[in-house]
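Me: I want to check the labels on this model one by one. Give me the value, then the cut-off, then the verdict.

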Amino acid sequence: MSCAPPPPILRLHPPSSISPFSSPRRPHLSPRTCPWRLAAAREMPWPHVLTVAGSDSSAGAGIQADVKACAALGAYCSSVITAVTAQNTAGVQGVHLVPEELIREQLQSVLSDMSVDVVIPSAGIIKILCESLQKFPVKALVVDPVMVSTSGDSLSDPSTLTYYRDGLFAMADIVTPNVKEASKLLGGVSLHTIADMRDAAESIYKFGPRYVLVKGGDMPDSSEAIDVFYDGKEFVEFRGHRIKTRNTHGTGCTLASSIAAELAKGSSMLNAVQVAKNFVESALHHSKDLVIGNGPQGPFDHLFRLKCPPYNIGSQQRFNPDSLFLYAVTDSRMNKRWGHSIEDAVKAAIEGGATIVQLREKDIESRPFLEAAKACMEICRSSGVPLLINDRVDIALACNADGVHVGQSDISAREVRELLGPGKIIGVSCKTPAQAEQAWRDGADYLGCGGVFPTTTKANNPTLGFEGLKAVCLASKLPVVAIGGINATNAGSVMELDFPNLKGVAVVSALFDRECVSSETRNLRSILASVRCLA
Ligand SMILES: Nc1ncnc2c1ncn2[C@@H]1O[C@H](COP(=O)(O)OP(=O)(O)OP(=O)(O)O)[C@@H](O)[C@H]1O
Ligand SMILES: Cc1ncc(CO)c(N)n1
Ligand SMILES: [Mg+2]
């Protein structure tokens, strides 16, 4: 149903895969002596975390957890081993430190060869670390002050405390003690309540890190797992469901390396912590009945998503908030009115330059809906445009859609995330800052905010106006797409609002309640582009 010659459309290319590199005997390199390094970095920057930590023979914590968590979240993880521990699901049986000279050599080997974004350092190597980071600066340091494991075993000698407090913390972007570690760092104060955790975060902040996260995984008698975040001014409580399982060995290491992976990928600190917390919770949920070892505390499966059907088919693109620029939302009644099939309407919207598509089909039976969704997936995949399904998680799972959009009365984003897993896009319709806050806590990727203008698409939908849109945008760190009554006449004025997280407009009738969907979309896209360039 093309009505005019199509102009070039936006194509989002999936990242290509990482190439193997570095033989074990390659000499130390410097960027000056290896020009191919710079060229490769420009073509394919790959998020890279270096963990400096101990090996855990049971492979649930330490280096092994870091490598698995980073792999699961799409970052490369190199490792400098500082200690070899003998441990299993019953506890820690032995710790043997690696000689300082060999730690120095490992650091030099990795940092001289690879572009590292984020380092997770350990205590006792501050001097060597400072020397290395002067030569090879990185974006961030995530310090997990490993002293006491969840099993209650000590993993460090008493001098470690001083190393952290008087050295490493001042260099850290974030430090992530558990409650027992926070207590030790503060001379043995007892931590029983959220208020105690806040006080502890405030006191630890004075040692010099930019952010503190006091983890509450080991707080007894709580139905929630609550971590307290402090940025020097404000506190944020990260609340998650407490998963009933024995398999919590390595949650702390996993949380720290997941934060590092997200920072390496370019996230802000708050988002990195939120993604990391959601990841740990999902991993525990999917591993709650796993039986590995005979002791009281087992490991969990970091790569749980490989076993979930939606993830093992092809490679998923990461969500790019810029794809919200021109968001086309279908409506079967409108398609019927104009004699368009869903597939034709989607094809035409993409031809016209839609950057993301949502199938919002309220009056269609499940089977024809799934068939149309599968056909639309093919169209969208081949154009690099993400396809989301409104509300119907079952349809999204069955057609392996890129995500789901839910409203306030649909199942929550947190539950959708449990079903879809961490790789999919989840959007939530929000009208208020409180709803936006909840969506962010539930692990949403973006917010749909409206109706900005009066609309006939949705009955009984209060109009928020620019003020309501502004309140939601300012209250949230998530990307926002404006929706409701947006058309060629008013779209420019929405984009002119220029809130940093307002990424685009979502449109139903101005695209689909028209004869020629592609030319309407093209026209709207050029209006948006005249106000704001797509980054
Ligand atoms: N049972 C659970 N259910 C959900 N989340 C949990 C659970 N246990 C821990 N967490 C979460 O895991 C993360 C790590 O917290 P925790 O306090 O267990 O760290 P840790 O004691 O340093 O871990 P470890 O020593 O086992 O590596 C936190 O975000 C915490 O809220
Ligand atoms: C090696 C190592 N590092 C960290 C932890 C904390 O869980 C552990 N148990 N083992
Ligand atoms: Mg713990």
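Me: Why is K68 called partly exposed?

Reply: First, a caution: this is a predicted model. The relative accessibility of K68 is 26%. Buried means under 20%, and exposed means over 50%. The value falls in between, so K68 counts as partly exposed.

Me: Where does K68 sit, and which residues does K68 touch?

Reply: K68 is in helix α2, residues 62–73. Leaving out residues up to four places away in sequence, K68 touches A59, H302 and L303. As for S258, that residue is 190 residues away along the chain, yet the two C-alpha atoms are separated by 9.6 Å.

Me: What makes the K68 to A59 pair a polar contact?

Reply: The side chain of K68 reaches the backbone oxygen of A59 at 2.8 Å. The limit for a polar contact is 3.5 Å between N or O atoms. The distance is within that limit.

Me: Is K277 buried or exposed, and how do you know?

Reply: K277 has 9% relative accessibility. The cut-off for buried is under 20%, so K277 counts as buried. K277 belongs to helix α9, residues 269–286.

Me: What does the side chain of K277 reach, and which residues is K277 in contact with?

Reply: The side chain reaches the backbone oxygen of A225 at 2.9 Å. Neighbours within four places in sequence aside, K277 is in contact with A225, D227, F238, R239, G240 and L255.

Me: Why is strand β1 described as largely enclosed?

Reply: Strand β1 covers residues 48–56, and 9 of its 9 residues are buried, so the rest of the structure largely encloses it.

Me: How do you know that β1 pairs with other strands?

Reply: Pairing needs at least two bridges. β1 and strand β2, residues 76–88, share 9 bridges in the parallel sense. S55 stands opposite V84 in β2. Strand β4, residues 118–120, is joined to β1 by 3 bridges and also runs parallel to it. There V49 stands opposite V118. Both counts meet the requirement.

Me: What surrounds ligand 2?

Reply: The shell has 10 residues, and the closest are G54, Q87, V146, H249 and C253. The elements giving two or more residues to this shell are β1 and β2. The protein buries 89% of the 280 Å² that ligand 2 exposes when taken alone.

Me: What makes Q87 a polar partner of ligand 2?

Reply: A polar side-chain atom of Q87 lies 2.8 Å from a nitrogen atom of ligand 2. That is within the 3.5 Å limit.

Me: How many residues of that shell are nonpolar, polar or charged?

Reply: The shell around ligand 2 divides into 4 nonpolar, 6 polar and no charged residues. Gly counts as polar in this scheme.

Me: Why is helix α14 called largely enclosed?

Reply: Helix α14 spans residues 413–420, and 6 of the 8 are buried, so it is largely enclosed by the rest of the structure. The buried ones are A413, R414, V416, R417, E418 and L420. Their cover includes α9, β9, α13, β13, β14 and α15. Just after the helix, G421 takes a positive phi of about 90°.

Me: What are the totals for the protein?

Reply: The protein has 19 helices and 17 strands. Of its 535 residues, 53% are buried. The accessible surface is about 23,300 Å², with 55% belonging to carbon and sulfur atoms.

Terms used. Residues numbered from 1 in each chain as written. Chains lettered and ligands numbered in written order. Predicted model: local features only at pLDDT ≥ 70, side-chain atom pairs only at ≥ 80, totals over all residues. Heavy atoms only, no water. Buried < 20%, exposed > 50% of the residue type's maximum accessible area, 1.4 Å probe, protein only. Helix = DSSP H or I, 4+ residues; strand = E, 2+ residues; numbered from the N terminus. Near = heavy atom within 4 Å. Polar contact = N/O pair within 3.5 Å; in protein donor to acceptor, adjacent residues only side chain to side chain. Areas by Shrake-Rupley, 256 points an atom, 1.4 Å probe, with all protein chains shown as cover. Contact = heavy atoms within 4.5 Å.
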